[in-house]
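Here is a short report on a model with more than one part to follow. Keep the sequence and the 3D view side by side while reading.

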Amino acid sequence: MTLRLASAAVGLATLFSAAPSFAQGGVQLRWQAPLNCPQEAQVRQKLRDLLGTSASDASASRLRAEGSIEPVGERFRLTLNIHYDLVNGTRVVQAASCEDLGGVAAVTLAILFRAEHSSGAPLTAHDLGGASTSALADARTAGTENQTGDANSHAEGSETRAENAQKGAQNSAQNGAQKKTTTDELEPKDSPHASDASDSNATRWHFVLSAPELRTDIGALPNAGYGLGFGAGARHDAWRFLISGTFWLAQEYQPGPFVGYGAHFGRMSGELSGCHGFQVAGFELSPCLLFTVDDVAARGTGTGISSSNPRTAWLSVGAGLQGLWSLGRQAALVFGVNGRVATSRPRFVSEGVGEISQVGPAAVGVVLGCEWLL
Amino acid sequence: MPAGVVHHRALAMASAAFATACLALACEPTVVIGTCSQANAAGAGGEAGATASSNDGSVGVPWSTGFENGMCDYFSQGGYCYARHDATMEIVRSPVHSGQFAAAFTVNGNATNMTEDRSQARCVRQGKMPESAYYGAWYFVPELHTSDTNWNLFHFLGGVSETDSHPLWDISLANDSDGALVLSVLNFIKNTHPPISGVPPIPIGSWFHIEIFLKRSATANGEVTVLQDGVTALHQINLVTDDTDWGQWYVGNYARKLVPALSTIYVDDITIREGQ
């Protein structure tokens, strides 16, 4: 347990060992503590120390926090309420000395600041609550456990963690190169949050997988279409570029007045989209530009009618709006609506029966899916 | 400005121009997704149309269709089928007179007195009609209706083209004094209803055969004979029967006022055969 806590604290601290490219200054902090405890100015200074020399350069941050330290018997409890737009989280840490708790608060905010700027995805309540920062989460758990019994042992544990976190953070600010080695050893390689800030360009590009995508649209074929798709692409800061493909359910259509005569449509489509995201509360709203190619194989149906099942394709251009609801650091639920205009409107004609259907001038669609940030 | 930039801009402009032009010109390519399958006809119980092809626009004789090939026996000979004003046409497996299929023509006899909105579903052969020929079809009327006398089964029309033509002969259904349905013939040229005699009312719920022999003549040398189930119901000679060189023969269901309004008539084994 002690080893785990110590490792986590060191890991957290090493996160900041190579973070000079990110400036602080955007975290709004309100602080309240007994006079013998660290005051707001000290916590802010620790935060600047952790994030680098350019802390006074206000890098945009939507993080806000209210921290308070209060005595609990002979011990001290830190309650840190953290807000990210409309997303809230609370961390509670207890320690024998309130000196350590100021460092815990600074480390916590520094981690979240880093996370906010290392990925285009918004922070979640899960992040704010501490699940992604294991050392502090453990510390919070320890604090909770402290109230249920075995007070001494847990209090000592949280004290140790707080000390380690603080010391680790301080050390990382002084000796980034040395701690980077430690980071490589302790942080998971596939964690986007563990990436080295000195390689900031690399961290801004993320591979994006969009699967599955449930789609429906009207206007392309005579009946509403229902499809299953997947896509892949890249995200760069607020920009997302995806190429996706959709397999649509085949549909039968009879236009009348000749009952029993119609067409069978099979359809696939490909879409190239470019979107730019804007953070709105806990969501990301993304206007998108779309280029869609529909490929349809149509077969005339009816007594005496034969068909070679010819294919035809057409290009549509359009726009859409997508909303991404983060399900964590690496997943998001996507809901989108789009409209597009066909640059070509093929007529599907069956000999004798006449025109069965024609591609509509415009189509509107809805997509619901999951997006994975890899 | 670098050449590459110019090249990309030109490409983008060309693409945009193409897309815009496409939209402006309303690109509407025709994709033929179905064709009439004559091979199917041959394999459909031998009931499909035996066709005497003609390249001069005349109606080939003999000709027949049992709808085993759907509507294709009409389309392959320059004819067509249509349905409008709440009417539909369907190829059905029951009832059939022979083979596997027949045609069901459904109309909604609730029209006003406007000619344009009369419900009708029919198939048409057209072209230079034979000098003399028998035109026949098997009909199945499943229920009794009350008609305003314009419930048409056969319609002959002549002229130069479809848009420059006039009616010649009708065979329709009308209610007799007992309410039963009997054949009714209308000679448009003389605007008379020559009397039908010697045949009973048509059967309800079973197949019956209607055939008309027309010896076309623009002078008083023509001849017309109407037969119901092979029994002569009308025979007239030495009269003007067709004062045109081009004509159409409509078979199906056409109604103005019916009670009940919805009527489905089944038709099978339509023939044109040579006359004497």
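## Chain B, the contact and chain A

Chain B holds three helices and 16 strands. The model is a predicted one. Of the 276 residues in chain B, 42% are buried. Take the contacts in chain B between residues at least 6 apart in sequence: 62% of these join residues at least 24 apart.

**Nonpolar cores.** The largest nonpolar core has 82 residues. B:A103, B:Y139, B:F154 and B:V267 touch the most other members. B:Y139 is in contact with B:L153, B:F208, B:I210, B:I265 and B:V267, leaving aside neighbours within four places in sequence. Another core, of 33 residues, lies apart from the largest one. Its members include A:L50, A:F76, A:A115 and A:L128.

**A loop residue in chain B.** Where does B:D243 sit? Its place is the loop between β14 (231-239) and β15 (246-255) of chain B. B:D243 has 15 other C-beta atoms within 10 Å, so it counts as partly exposed. For comparison, buried begins at 20 and exposed ends at 12. B:D243 touches B:G158, B:I189 and B:A218, not counting residues up to four places away in sequence. B:D243 and B:G159 are 84 residues apart in sequence, yet their C-alpha atoms are 8.0 Å apart in space.

**Where the chains meet.** The contact takes 29 residues from chain A and 30 residues from chain B. On the chain A side, the elements giving two or more residues are β8 (258-259), β11 (283-301), β12 (305-306), β13 (311-326) and β15 (347-350). β15(A) gives the most, with four residues. The chain A side divides into 12 nonpolar, 13 polar and four charged residues. Strand pairing also crosses between the chains: four bridges join β15(A) to β1 (residues 30-36) of chain B, and the two run parallel. In this pair, A:R347 stands opposite B:T30.

**Two hairpins in chain A.** Strands β5 (residues 205-218), β6 (residues 225-236) and β7 (residues 239-253) of chain A come next. β5(A) and β6(A) run antiparallel, and so do β6(A) and β7(A). The table sets the two pairs side by side.

| Strand pair | Bridges | Residues between the strands | Positive phi | Opposite residues |
|---|---|---|---|---|
| β5(A) and β6(A) | 11 bridges | six residues | A:G219, near 115° | A:R215 and A:G227 |
| β6(A) and β7(A) | 10 bridges | two residues | A:D237, near 50° | A:A234 and A:F241 |

In a regular strand, side chains alternate between the two faces of the sheet.

**A helix in chain A.** Does the length of α2 (residues 40-51) of chain A agree or disagree with what its residue count predicts? At 1.5 Å a residue, its 12 residues should span 16 Å. The end C-alpha atoms of α2(A) are 17 Å apart, which agrees.

Which residues of α2(A) are buried? They are A:V43, A:R44, A:K46, A:L47, A:L50 and A:L51. These residues cover an arc of only 160° around the axis, so they lie on the same side of α2(A). An α-helix has 3.6 residues a turn, so residues three or four places apart point the same way. A:L50 of this buried set is also among the members of the 33-residue core. Just after α2(A), A:G52 takes a positive phi of about 125°.

Methods. Residues are numbered from 1 along each chain as its sequence is written. Chains are lettered from A and ligands numbered from 1 in the order in which they are written. This is a predicted model: local features need pLDDT of at least 70, side-chain atom pairs count only at pLDDT 80 or more; totals for chains, interfaces and linings use all residues. Two residues are in contact if their C-beta atoms, placed from the backbone, lie within 7 Å. Ala, Val, Leu, Ile, Met, Phe, Trp, Tyr, Cys and Pro count as nonpolar, Asp, Glu, Lys and Arg as charged, and the others, Gly among them, as polar. Two strands pair if DSSP finds at least two bridges between them. A nonpolar core is a set of buried Ala, Val, Leu, Ile, Met, Phe, Trp, Tyr and Cys residues joined through C-beta atoms within 7 Å. The expected span of a helix is 1.5 Å times one less than its number of residues. The arc is that of the directions from the helix axis to the C-beta atoms.
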